[in-house]
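Colleague: Could you give me a close look at a single part of this model, the salt bridges? Start with a covered helix so I can get used to the vocabulary, and take your time.

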Amino acid sequence: MASKAPLHNIDESRLTVTKPKTKAVGIPAVVNSLRISLEQMGPLRSVQTLLAVNQVDGFDCMGCAWPEHEKRNAAEFCENGAKAVAEEGTRRRVTPDFFARHSIEDLKTRDDYWLGQQGRLTHPMFLAAGATHYTPIEWDAAYELIAQEMKEMDHPGQAVFYTSGRTSNEAAFLYQLLVRGLGTNNLPDCSNMCHESTGSALVETIGIGKGSVSLADLETASLIFVAGQNPGTNHPRMLSALEKAKKNGAVIISVNPLPEAGLLRFENPQTISGTLVGTQLTDDFLQIRACGDQALFQGLGKYLLEAEAQGRKTPGLAAVLDHEFINNHTVGINEYLRHLEKLQWSEIVEATGLSLEQIKSTGERLLASNATIVCWAMGLTQHKHSVPTLRDVVNVLLLQGNIGKPGAGVCPVRGHSNVQGDRTMGIFEKMPAAFHDRLDQEFKFVSPRKHGYDTVAAIRAMRDGKVRVFIGMGGNFVRAAPDSEVTERALANTDLTVQISTKLNHSHVTTGRRALLLPTLGRTEKDAQRTGDQRVTVEDSMSAVHASRGRIKPASEHLHSEVAIVCNLAHKLFTGSDNLPLPNTPKAAWLSMRDDYSLVRKHIEAVVDGFEDFEERIRHPGGFVLPHPPRDARQFDTASGKAHFTGNELEFIKVPEGRLVLQTLRSHDQYNTTIYGKDDRYRGIHGGRRVVLVNEADIAELGFRDGEMVHLISEFRGTERRADNFRIVSYSTPKGCAAAYYPETNVLVPLDSVADTSGTPTSKSVIVRLERAEA
């Protein structure tokens, strides 16, 4: 019997605030995981799913991309992983009867929490032009409707194909093949909104847009920076790796505008001592101003150079700098040195909000380290100057030879569990020519070379009437994207929106003139095709590829897998009797691949580097690790064949009087745009989400009181955007800075405010003012 879903939106009037926590996980996390699992799935299904999460013969957690050891615990999941599994494995159902009861206008009044809590979609649904309700549609009719809409397009560029990072390697590879077979590279994805700055900076500096470290490196490092990242909420299994590093003697430095409980003390529920005593993880907490990270890493580089001039040494080196590495494996250091020589310490102190003593003390930590890792997430990637910031992170590591040696390197921590795999499979609007060449050779066609739309460009194109069809495979595009009102109007400006989803979200009620909801299998569910039960693969944050196989009965007999949906649609488009009149299409056995995913993997093996003997290697417990030339052999696939130092002008925000720099962030009861609950217990927020965290001194100087209700107004190029009715919460954050949850505050992020080079929305540096709300 289906469990009951909430009847009402979150009641913000019931919001309460308590003192923030100074430790994370422990018994409360275990209790909350079990409570949510039992509420959503019941006891039997909870056991079936939770004991299979991240196991070698089970399914990969859809929560995050943190890797696993070959030797795994029986309970290889965290609290947020348990929430993600419970949301997907829920017994709640959204049937055609549900849509008969709830009109589109009614659903638009529901918040993200309510929509997500209703349960799993069970049947394909269609919203006709001018209709007030979704109605059931059969799969064949849905595929025909999409094909007909595409036949009526003037050119392939009038279609946009979005993906989230939960899509498997197999589905992602087929999806990009379909899109390129149609004749476009319009493949925006969630990477465009999170780690695109990472990829841009790393490809330029070390020749590959992926992290260079393994779990073993992290656990044996001498010094670890965790910058712009909150592992305790966003990827709690990372805390176990940091705990091991700490016990092996590592020093951990946290760089963040907010003190995060997970980086203060970790209570590991897997061990008795961890539960009773816990581990203090952070040695030094640098409470940096938002947008100040570039200045910090430039300051650290400057400090190393000054120490070198004083004749000091780094352990294992003859000097502070690794001259052998610099001379043999890098170019561009002179430009970098010239920039640092001009840089003033007063600028660095102003930009970071830190004291000169704190920065130099951190420099001493670098001098004492023989192996340094820098980990980062959205706090570094979502600013206008994010790409230069990450170039400066790489600069500091290159100075001491901390690329391509044990216990050292770059460690961007990805969000969705296969967001990195999606890019490896070709989900990118500007894949390199070599990928296109191999794709063409394998499928005997000519794929388009003209770059397509990224996420921001896709929104602009829809807004401007240049797109007729939007297809989203997973995710919640309208809530993940910036400038919410513009994004909603953009989607409404299309002829057809198609959402391939497991659960209801706001992208399903923000539609084109017509809309389709196509329900798909989740990671937890058995994927039975004509040749038997299938498995898929994913790639984690550290380039390890491994298999995933669902265990439980699908939520409905009407669900199709993502692979099947792509194959069926491609067959309808390219090989049917009334196929699209295109000059060339891929020569692919779409229905055979739908029935047997190993055939998809054979094609991947032929097209994508590093996937030799793909089928055989995923039989190995834990799968295999893709090649990473800088890590494996200190080889750099750059124009020069070496790693690149870069000189970057220092950028930071000088906060206008009466304004604050707002960063958007997640609560502990959410993952990306999915809202699991009403609380953020680590930060002391309970029963609501519309809060803005502000420094106590700023509250007083701006003329407000703690607990007062305000409207948030962002200011960008003379245009204002509003998010109304937020409660001020006095919080430990640098003066001039503020924080609030997304997606509620995505409305404040201007569409045209993006990172240079990468185009990532600047969600961590929004200039806002507070306006008193009427009582």
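Modeller: Sure, one word first: a residue is buried under 20% relative accessible area, exposed over 50%, and partly exposed in between (1.4 Å probe, protein chains only). Keep in mind that this is a predicted model, where local features need pLDDT of at least 70 and side-chain atom pairs pLDDT 80 or more, while totals for chains, interfaces and linings use all residues. Residues are numbered from 1 along each chain as its sequence is written, and side-chain values use heavy atoms, leaving out hydrogens and water.

Now the warm-up helix. Take α8, which covers residues 196-206 and is mostly covered, with nine of its eleven residues buried. Helices (H or I, at least four residues) and strands (E, at least two) are DSSP runs, numbered from the N terminus. The buried set in α8 holds Glu 196, Ser 197, Thr 198, Gly 199, Ser 200, Ala 201, Leu 202, Thr 205 and Ile 206. Right after the helix you'll meet Gly 207, which has a positive phi of about 90°.

On to your salt bridges, meaning a side-chain nitrogen of Lys or Arg within 4 Å of a carboxyl oxygen of Asp or Glu. Count them that way and you get 55.

Let's start with Arg 237, which pairs with Glu 68 at 3.1 Å between the closest N and O atoms. Arg 237 sits in the loop between α10 (231-234) and α11 (238-247), and Glu 68 in the loop between α1 and α2 (79-89), so this bridge ties together parts that are 169 residues apart in sequence. Arg 237 and Glu 68 are both buried. While you're looking there, spot Asn 234, which belongs to helix α10. With a relative accessible area of 14%, Asn 234 is buried as well. Its C-alpha is 40 Å from that of Ala 318, a residue 84 positions away along the chain.

Next, swing over to Arg 468, whose side chain makes a salt bridge with that of Asp 495 (2.9 Å, N to O). Here Arg 468 is in the loop between α23 (455-463) and β16, whereas Asp 495 is in the loop between α25 (484-492) and β17 (496-501), so the bridge joins parts that are 27 residues apart in sequence. Asp 495 comes out at 18% relative accessible area and therefore counts as buried. Strand β16 (residues 469-473) is worth a glance too, as it contains Phe 470. Phe 470 is buried because its relative accessibility is 0%. Measure the C-alpha to C-alpha distance on your screen from Phe 470 to Val 498 and you should get 6.2 Å, with their positions 28 residues apart in sequence.

My third pair is Glu 708 with Arg 705, whose side chains meet in a salt bridge at 3.9 Å, N to O. The two ends differ in cover: Glu 708 is buried at 10% relative accessible area, but Arg 705 is exposed at 57%. Beyond single pairs, there's also a network: Arg 659, Glu 715, Glu 720, Arg 722, Asp 724, Arg 769 and Glu 771 are joined by salt bridges that share partners.

If you'd like a quick tour on screen, go from the buried Arg 237 and Glu 68 to Arg 468 with Asp 495, then finish on the network that includes Arg 659 and Glu 771.
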